[in-house]
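Me: Could you walk me through this structure, a piece at a time? I'd like to ask as I go.

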Amino acid sequence: MVKSYAGVTVLKSVSVTVPAGEVVGLIGENGAGKSTLSSIIAGVVRPDSGTMTLDGEPYAPHSPHNALDRGVALIHQEIRMVPQLSVAENIFLGRLPTRGGRVDSRTMFAEAEAALGMVGIHLDPRRKIAGLSMAAQQGIEIAKALARKPKYVIFDEPSASLTEHETDVVLHRIEAIRKQGAGVIYISHRLEEVRSIAQEIVCLRDGQLVQSWTRGDVPVDQLMAAMVGRDFEFEHQAPEPAREHVVLEARNLGRRGAFEGVSFRVAAGEILGIAGLVGAGRTEMVRTIAGADRADQGEILLEGQLLRIRRPKDAIDAGIVMVPEDRKGQGLNLGRNSEENIVSPWERILGRTKLITPGMLGRIAAKSRAEFDIRGRMDLPVVRFSGGNQQKVLLAKWLVQTPKVLILDEPTRGVDVGAKMAIYEIVRKAAESGVAVLVVSSELEEVLGLSHRVLVMSGGRMRKILARDDADSHAVMELAVPTAAIDETNIDESNEDET
Amino acid sequence: MTSVNNERTTSVGSDEPATGPGGSRPGLAGRLVNRLKQLGGPIAGLIIMIIALSFLSPFFLTVTNLTNIIAQIADIGIMAAGAFLVILVGGIDLSVAAVMALTMMFTAWLNKTAGIPFVAALVVGLLLGALIGVINGVLSAYGRVQPFVATLATMSAAAGMALFITNGNTINGFPTWFGDLTVATLVGIPLQGLVLIVIYLAIAFWLRFRPWGRSLYAIGGNEEVARLSGLPVKPLKTLVYVIAGALAAVAGWINISVLDSAQPTAGSGYLLNVIAVVVIGGASLSGGVGSMGGTFVGLLIIGVLNNGLSLLHVNPNLQSVVIGAVILAAVLSDRAGAKLRA
């Protein structure tokens, strides 16, 4: 089957068969098309071409509801719960059991409790979702799908927000439903999990099926090779900067409840990587430098001058710009075209002296289009662009006027491999031209590959700054994880989307 | 200029045809056509209505009637301009019509009871409108009160105050020169129509060529993105409520002049017309979408519709039913158009 979005084909001629009573492991890099494939099977989106059969009968679900009726359930990587409702109501959302025209609470709570028990969660089904941990919510999401007794279940990164123990519980549960005869598609970045549970493994890359195995215990390096397709090379490191001209300095920076005690210096042309696990305070720290949140301790100095940053405007006027983590929620105005997105922060400054004319905007847009290799029509709203193209628009927005400090938070999340390389190139060039760059990334390879030095954070505190030669994945992980036992795959945050 | 090749590489495997060089801009004529296309549904509706009414009523397409229409819609149109700006940033202002009534009564009271010179009273009325706008803006931008609730409160208060000032009575007897202003015409257009056009052009210019005006689209599209882009979100949101309040007072001036009296109930029934104009003009209540041109077309549709239905002796009560249907038709055709363009 084929699926394309906004002129970018994200899935090309992929054929997959899921036998009843087996677990098919689906692997691939971010943007390989895994989530798209599962969305098609679960009726969330429709394929552009191709057909599906279910137990020998034609199957073309037009909605997730329809798919559920046919016995196909998707357990999504993103948690979708109504926080104001009770656990039980969330589990039975849309099909509350009734008796005599009223909601039959007794049956609902009893069945909810049973469904929760199946995934090993012991919670009062009467309590509200609000306030529950992500792991608990993920468990409830699974219980919700299983409560409908589906014949086929797709797990899309169920373990992304779970601890090891919780993951084990989920894996046992999947094993049990498989033995009951259900067919399962298990999507995960954690290859060990896939190996332990799958009877078959399918690997996607750039929307194509590249390899499949009819056994589960495939060596990890084989799986890796199939996912990546080639060795990951780092040609993106900018040349070693002369560290004389310190651009940005943070002294004992902190914000209550988020992070504290962060001090570092970044020179012109230097790329400082910021590594750490999810929740280490990396995003919070860079957000205060960019003025998105206010610091309540410490100082920020720009070229030796103390800087008071109270709002994003202060940072931008001083030359500190940030490409935020959440591209769609914080970075881009999705309904407007790329030209308007790019010029938006600069109109304020341009408009001080003259009128903003279409010609002026057009020139800026044309320049950034060429410079940042933005593809697709400039007059289309950016919501129709691919993730990689959107990210390029965002980079153009902040680099079209040369900043002094560029902050990148997860710059390649949900971006395909080709665009990833292009983005690295843009970052490298920016550094070469004398911009001081901060890169926050959960992809260890990315941090290590791009940065001159790596600042590691853990539990809201700065642990250490590693020089390039000392920074390898082992050293970083040792600092990032407070305890000795490390599961390296923990750092792969996987809740991005792929469109 | 970028080459066409760029386009090709992105469209691999897609059914989207490779279009011309996207980096270049269309010429003036092309841009004009594009803008008209964006307003396609409402403009087509307006033209059809005008043609149909010309056949249905011999009085419709006469100079007197057309100038009448412009004179009749000027006050609603001026309020709709302010309401559009508020809706553009994702807010809503329910208080405009009540503010108009209140500023009218206050101006009249200042002049007649407190003995303040008439022109000064007009200016104070304008300031009062702006002040209520400040309250609306501060409540919704800084106080984080939902604009619907904040302006519902000020609407209720303003309507009550308007009645309280004279205990519900009408004040009349203003300088004759002021009443003459709305009878006068310039190049065949009634003066209040010219005021309307100047206001629309000024706001359209602001939205298109000035940074703060342009920022309103960014704020309405995604407030957090606008904030992180360094735009002064809260001051600008407040500003649009102030503009809306002040324009409501200007609409009040016109009403005083036309009616030669100030009635506390003058604005009743205006609010829905004002919002209808903005919505028919293609603005989205979730913000970030719409234009002054669209609002103007929406205004003409409402004006032509009201006028035409009266000429055809349609029961006035049925006229709101028709307006309701037109609102739905406009919104649905807008959505269909958006799909077509997409």
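Reply: What follows goes through a predicted model, and we can take the parts in whatever order you ask.

Me: Okay, how is chain A divided into domains?

Reply: The domain assignment of chain A gives domain 1, spanning 3–228, and domain 2, spanning 246–491. The C-alpha centres of these two domains of chain A lie 33 Å apart.

Me: There's an open sheet in chain A, so what's the strand order?

Reply: The sheet has 6 strands in the order 6-9-10-3-11-12, with mixed pairing. Strand 6 (72–75) and strand 12 (208–213) of chain A are the edge strands, each pairing on one side only. Neighbouring strands of this sheet are turned by 20 degrees against each other on average, with direction ignored.

Me: And what does helix 1 touch?

Reply: Helix 1 of chain A, residues 34–41, packs on the sheet and touches strand 3 (23–27), strand 6, strand 9 (152–156), strand 10 (183–187) and strand 11 of chain A. The direction of helix 1 makes about 150 degrees with that of strand 9 of chain A.

Me: Let's look at strand 11 of chain A. Is it mostly covered or exposed?

Reply: Strand 11 of chain A is mostly covered, with 6 of its 6 residues buried. That holds for both faces, since Glu200(A), Val202(A) and Leu204(A) are buried on one side, and Ile201(A), Cys203(A) and Arg205(A) are buried on the other. As a general point, side chains in a regular strand alternate between the two faces of the sheet.

Me: Which way does strand 11 of chain A run against strand 3 of chain A?

Reply: Strand 3 and strand 11 of chain A pair in the parallel sense over 4 bridges, and Ile27(A) has Cys203(A) in strand 11 as its bridge partner.

Me: What about strand 12 of chain A?

Reply: Strand 11 (residues 200–205) and strand 12 of chain A run antiparallel and are joined by 5 bridges. Val202(A) has Ser212(A) as its bridge partner, while Leu204(A) stands opposite Leu209(A). The two strands form a hairpin with 2 residues between them, and Asp206(A) in the turn has a positive phi of about 50 degrees.

Me: Switching topic, why is helix 9 of chain A described as largely enclosed?

Reply: Helix 9 of chain A, residues 282–289, is largely enclosed by the rest of the structure because 8 of its 8 residues are buried. Among them are the charged-looking names you may spot, Arg282(A), Glu284(A) and Arg287(A), together with Met285(A), Val286(A) and Ile289(A). Helix 9 of chain A is followed by Gly291(A), whose phi is positive, near 85 degrees.

Me: How many residues of strand 19 of chain A are buried?

Reply: In strand 19 of chain A, residues 405–409, 5 of the 5 residues are buried, so the strand is largely enclosed by the rest of the structure. Val405(A), Ile407(A) and Asp409(A) point one way and Leu406(A) and Leu408(A) the other way.

Me: Which strands does it pair with?

Reply: Strand 18 of chain A, residues 320–323, runs parallel to strand 19 and is joined to it by 4 bridges, with Val323(A) partnered by Leu408(A). Strand 19 and strand 20 (residues 436–440) of chain A also pair in the parallel sense, over 5 bridges, and the partner of Ile407(A) in strand 20 is Leu438(A). Strand 19, helix 15 (residues 417–432) and strand 20 of chain A make a right-handed β-α-β unit.

Me: Last one, what's in chain B?

Reply: Chain B has 15 helices and 4 strands, and buried residues make up 49% of its 342 residues. Among contacts in chain B between residues at least 6 apart in sequence, 75% join residues at least 24 apart.

Key. Residues are numbered from 1 along each chain as its sequence is written. Chains are lettered from A and ligands numbered from 1 in the order in which they are written. This is a predicted model: local features need pLDDT of at least 70, side-chain atom pairs count only at pLDDT 80 or more; totals for chains, interfaces and linings use all residues. Two strands pair if DSSP finds at least two bridges between them. Axes are lines fitted to C-alpha atoms, for helices over the stretch in contact, and angles run from 0 to 180 degrees between N-to-C directions. Two residues are in contact if their C-beta atoms, placed from the backbone, lie within 7 Å. A residue is buried if 20 or more other C-beta atoms lie within 10 Å of its own, exposed if 12 or fewer, and partly exposed in between; C-beta atoms are placed from the backbone. Domain bounds come from an automatic or database domain assignment. A crossover is right-handed if, with the strands pointing away from the viewer, the path from the first strand over the helix to the second runs clockwise.
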